[in-house]
Amino acid sequence: MKKVICKVEYDTDSSKFIDKRVFGEFGDPAGYEECLFVTEGGKYFLYTHGGAESKYPEEGIKRMSKANADQWLTEGK
């Protein structure tokens, strides 16, 4: 997925994948995934998608600061 936010392009195909979190089981309409990426320029973002009843019913990209990305990684352990 590709999205431009504040004139910065975030692209899952050209960015480095860091980690993924899965909430719920496959096929769960309330389940979702969050995948953390970093661009070549050092910009962090979450790629999100989920079931129709989840907090991410449509796929999307959310930019993150380095501090928030570090916190996201720490909370997942």
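Which residues lie nearest the centre of the largest pocket? I began my notebook with this question, keeping in mind that I was looking at a predicted model.

**Entry on the pocket.** I looked up the lining of the largest pocket and found that 13 residues form it, with E25, F26, G27, G31 and Y32 lying nearest the centre. I then noted its volume, which comes to about 180 Å³. When I sorted the lining residues by character, I wrote down 4 nonpolar, 6 polar and 3 charged. I also checked which strands take part, and I found that β3 (16–23), β4 (32–38) and β5 (44–50) each give at least two residues to the lining.

**Entry on T39.** I next turned to T39, which sits in the loop that joins β4 and β5. Is T39 buried or exposed? Its relative accessibility is 13%, and because buried means under 20%, I entered T39 as buried. Setting aside the neighbours within four places in sequence, I listed E9, Y10, S15 and F45 as the residues in contact with T39. I also compared T39 with M1: the two are 38 residues apart in sequence, and their C-alpha atoms are 13 Å apart in space.

**Entry on T48.** Finally I looked up T48, which belongs to strand β5, one of the strands I had already noted for the pocket lining. The relative accessibility of T48 is 2%, so I entered this residue as buried. Which residues does T48 contact, leaving aside its neighbours within four places in sequence? I wrote down E33, E34, Y56, E58, E59, G60 and K62.

Note on methods: Residues numbered from 1 in each chain as written. Predicted model: local features only at pLDDT ≥ 70, side-chain atom pairs only at ≥ 80, totals over all residues. Heavy atoms only, no water. 1 Å grid on protein atoms, 1.4 Å probe; cavity = no way out; pocket = protein on both sides within 12 Å on 5 of 7 lines; lining within 4 Å. Points joined across faces, edges and corners; volume = space filled by probe spheres on them. Helix = DSSP H or I, 4+ residues; strand = E, 2+ residues; numbered from the N terminus. Nonpolar A, V, L, I, M, F, W, Y, C, P; charged D, E, K, R; others polar. Buried < 20%, exposed > 50% of the residue type's maximum accessible area, 1.4 Å probe, protein only. Contact = heavy atoms within 4.5 Å.
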